Amino acid sequence: MKKMDNTAAGSWTPDDNPTPPTVKNSCHPNLKRFLASLSFAYFAKALSGSYMKSTITQLERRFDIPSYLIGIIDGSFEVGNLLVIAFVSYFGAKLHRPKIIAIGCVLMSFGTFLIAMPHFLIGRYKIETSVRWSVNSTNNLSPCPASSPESTRAGDRPSLLNSRGCERESSVSMWIYVLLGNILRGIGETPVQPLGISYIDDYAQTENAALYIGCVQTISIIGPVFGYLLGSLCAKIYVDIGYVDLETLTITPGDARWVGAWWLGYLIAGTITLMSAVPFWFLPKSLPMPVDKHDSSCTPEQTRFIKDSPTMEHKFRPEEPADLHQMAKEFVPTLKSLLGNPVYVTFLCVTIIQFNSLIGMVTYKPKYIEQHYGQSASKANFLMGMINIPAVALGMFSGGVVMKKYKLGIMGAAKFAFGTSLLGFFLSLFFFAMGCENSKVAGVTVSYTGVEGLSYQEQSLFSECNSGCLCSRRDWDPVCGENGITYVSPCLAGCSSSTGSGKYTVFANCSCVALPDTQQVNLTASLGQCPRSDSCDKVFPYFLALSVLSSFIISLGGTPGFMLLVRCIRPELKCFALGIHSLATRTFAGIPAPIYFGAIIDTTCLKWGNKMCGGRGACRIYNTSAYRTLYLGLTLGLRTASFFLCYPGFALLKRHIKMEERNALTNGSAELESLRKEENSSTHCEQFIPASDCIPDRETRL
């Protein structure tokens, strides 16, 4: 009768149904396939995500938009996650997790293809230049026109013809497609982490779960290696390759106006992401439970690292169809229960602050290398992929190995993660000492006589040496004078003639280019900015070495920190907690961090480019000293704030562990007393019937 009452109440006992199948210490073949499939999916999503970050400067220049707007585009990925992650992580845990992940991969691939679409809709890229070439002549027009309608048109007022063409071209801002594609990528990526990690943790041996998750996380770090390498390759290729004679180009990949074949990498990344969806369609909904997690009174959703109560009940068995209405009713109470865990909430606040620092730093690090150390976008992406990211991958994997080898508990994992983060913070302080001076640009950072410390204003671009030329202050067509100073344009350098063609053009008789010590004037200038000083080139290798070391040390705490999140919550809330964690970090870190980092970087811009028919375009040159101070100061300042929350976090965690130990002792005593009663009843039973029939489910209970 008691069994009938329990069944009517909606619960089930081991006597009602056969126990779930169990496996011994060997890894189930389908679990191996799932690990391989999830690793490939992590690789694909990490590749496309890192490629997006590697194309930031390319997108800025192609669509003539500032850094803060690029931050909005980059953060739109998190907006896509925000729209569905809470429901996917909650309802997805009850449904067919592998197939939901497959659907997500398909959506990610479609979003990646959508990002590349503007290239095929927009016109050819028009380089901003003040040099005008003569028609039907091998000689170039003078860079320094005295007075003509042509020069007036090249000045501050665009021609009516160009204006109409620009209005027609910009009636639909093409970067909107990039924004929408990134949102779709975010929606598709949503189920991969919470459902994939919880699936592994449900069906892997407890002692192996950390290593498996560490391996998956390591593969996800390898993805950015190929993503940045792909970005490096595409940045070398001109955006309109196949449609433009490269010999006629007046810019090189190191120029602030260069745009690489950004669209090509998105086509490649989208294809790889689509391929990653295929294996998940052939994986089962659930797997046999490992022996160390098997409990006949618990479903797989209940067997976890920490058991808050031995009487937990779950209404949904993996073999039964999920009751969506019942799950919806339990959503709000489940959320309240999760947010009532002070350890989880504190950990969540710490990770949100640290993710703000991490996301802002990683998003603009290639740009920092370009602007601060004078490297091309291709080289910056190559260094990120070949030096920085492998160090992070090794650190993530090593952290998982350390946790497995030394069998770190919750407190041990927390201390290890905190220690590595603190050590990495102190190492990062040395970045402030590895700075470079501003490039010498006449009228921007130095005067025309070479005096540094100039406060830039548009009028400072003009001097007596170029007063005879009708030059535009809006142009950005830099030339490097023989005196080592960069001039904003050949006209502002006072050049009156030129020879050669394309990137090999040389300007002569430049009245502003002079060597004061030798009294030589009217020297020549070549296209492009002057290279950085030798001292900057010497500092750059040390910057790379310190970047690798600090990245490795900080990433050592990645896997232990993630396992801390998994183990500090109630077992049946784990999948939901992972989803809420992703939701919170994406909402309060992934979305705002690129935007306010970009807006702050924009404040250090010294010279903005101009769109074809007017209006501010992308930044051409930054105040590198201010860039370094704000970029590094904001990154390390956020980390400092997170450390203050760690102290109450440790106190709450210590109290949580003591409560768990007391509960375990209490529950253990109660279970021992129950077993003694069963022994007594079985002894009495054996007097009348065989012992094998007295307690048929005792082994299962144990």
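These legends go with a set of close-up views of one predicted model.

**Figure 1. The whole chain, before we zoom in.** The protein chain runs to 702 residues, and 53% of them count as buried. Its secondary structure comes to 23 helices and nine strands. Take the contacts between residues at least 6 apart in sequence: 78% of those join residues at least 24 apart. Aromatic rings turn up in pairs here too, with 25 such pairs in the structure.

**Figure 2. Two phenylalanines stack within helix H2.** Here we look at phenylalanine 40 and phenylalanine 43, both in helix H2 (residues 29-54). They sit three residues apart, which is about one turn of the helix. Their ring centres are 6.5 Å apart and the ring planes meet at 20°, so this pair counts as stacked. How accessible is each partner? Phenylalanine 40 is partly exposed, because its relative accessibility is 28%. Phenylalanine 43 comes in at 17%, so it counts as buried; the cut-off for buried is under 20%.

**Figure 3. Aspartate 64 sits in a loop with a positive phi.** This view is centred on the loop between helix H3 (56-63) and helix H4 (67-91), where aspartate 64 is found. Its phi is positive, about 50°, even though aspartate 64 is not a glycine. Is this loop residue buried or exposed? With 16% relative accessibility, aspartate 64 counts as buried.

**Figure 4. Helices H5 and H9 pack side by side.** Helix H5 covers residues 97-116 and helix H9 covers residues 175-189; their axes are 7 Å apart and the packing angle is about 170°. That angle makes the two helices roughly antiparallel, since anything over 145 degrees falls in that class. The crossing of H5 and H9 is left-handed. On the H5 side, the contact residues are Gly104, Cys105, Leu107, Met108, Phe110, Gly111, Thr112, Leu114 and Ile115. H9 answers with Tyr177, Val178, Leu180, Gly181, Asn182, Leu184, Arg185, Ile187, Gly188 and Glu189. Sorted by class, that gives 11 nonpolar, six polar and two charged residues.

**Figure 5. A loop lysine between H16 and H17.** Lysine 407 lies in the loop that joins helix H16 (377-405) to H17. Lysine 407 has a positive phi of about 50° and is not a glycine. Its relative accessibility is 69%, so lysine 407 counts as exposed.

**Figure 6. H16 meets H18.** What angle do the axes of H16 and H18 make where they cross? It is roughly 25°, and the axes come within 7 Å. The two helices are therefore roughly parallel. Their crossing is right-handed. From H16, the residues in contact are Leu383, Ile387, Asn388, Ala391, Val392, Leu394, Gly395, Met396, Ser398 and Gly399. They meet Phe540, Leu544, Ser547, Val548, Ser551, Phe552, Ser555 and Leu556 of H18. This contact has 11 nonpolar and seven polar residues, with no charged ones.

**Figure 7. H17 meets H18.** Helix H17 (residues 410-428) and helix H18 (residues 534-556) have axes 7 Å apart, at an angle of about 165°. H17 is therefore roughly antiparallel to H18. This crossing is left-handed. H17 brings Phe416, Thr420, Leu423, Gly424, Leu427 and Ser428 to the contact, while H18 brings Leu546, Leu549, Ser550, Ile553, Ile554 and Leu556. By class, that is eight nonpolar residues and four polar ones, with no charged residues.

**Figure 8. Valine 566 and isoleucine 410: how far apart in sequence and in space?** The two residues are 156 positions apart along the chain, yet their C-alpha atoms are 9.7 Å apart. Valine 566 belongs to helix H19 (residues 558-567). At 4% relative accessibility, valine 566 counts as buried.

**Figure 9. An aromatic cluster.** Which residues make up this cluster? Phe431, Phe540 and Phe543 join Tyr368, Tyr373, Tyr622, Tyr627 and Tyr631 in one aromatic cluster. Phe540 may look familiar: this H18 residue is also part of the contact with H16.

How values were computed: Residues numbered from 1 in each chain as written. Predicted model: local features only at pLDDT ≥ 70, side-chain atom pairs only at ≥ 80, totals over all residues. Heavy atoms only, no water. Axes fitted to C-alpha atoms, helices over the stretch in contact; angles between N-to-C directions. Helix = DSSP H or I, 4+ residues; strand = E, 2+ residues; numbered from the N terminus. Parallel < 35°, antiparallel > 145°, perpendicular 65-115°, else oblique. Left-handed = near helix turned anticlockwise from the far one by under 90°. Contact = heavy atoms within 4.5 Å. Nonpolar A, V, L, I, M, F, W, Y, C, P; charged D, E, K, R; others polar. Phe/Tyr/Trp six-rings, centres within 6.5 Å; stacked < 30°, edge-to-face > 60°. Buried < 20%, exposed > 50% of the residue type's maximum accessible area, 1.4 Å probe, protein only.
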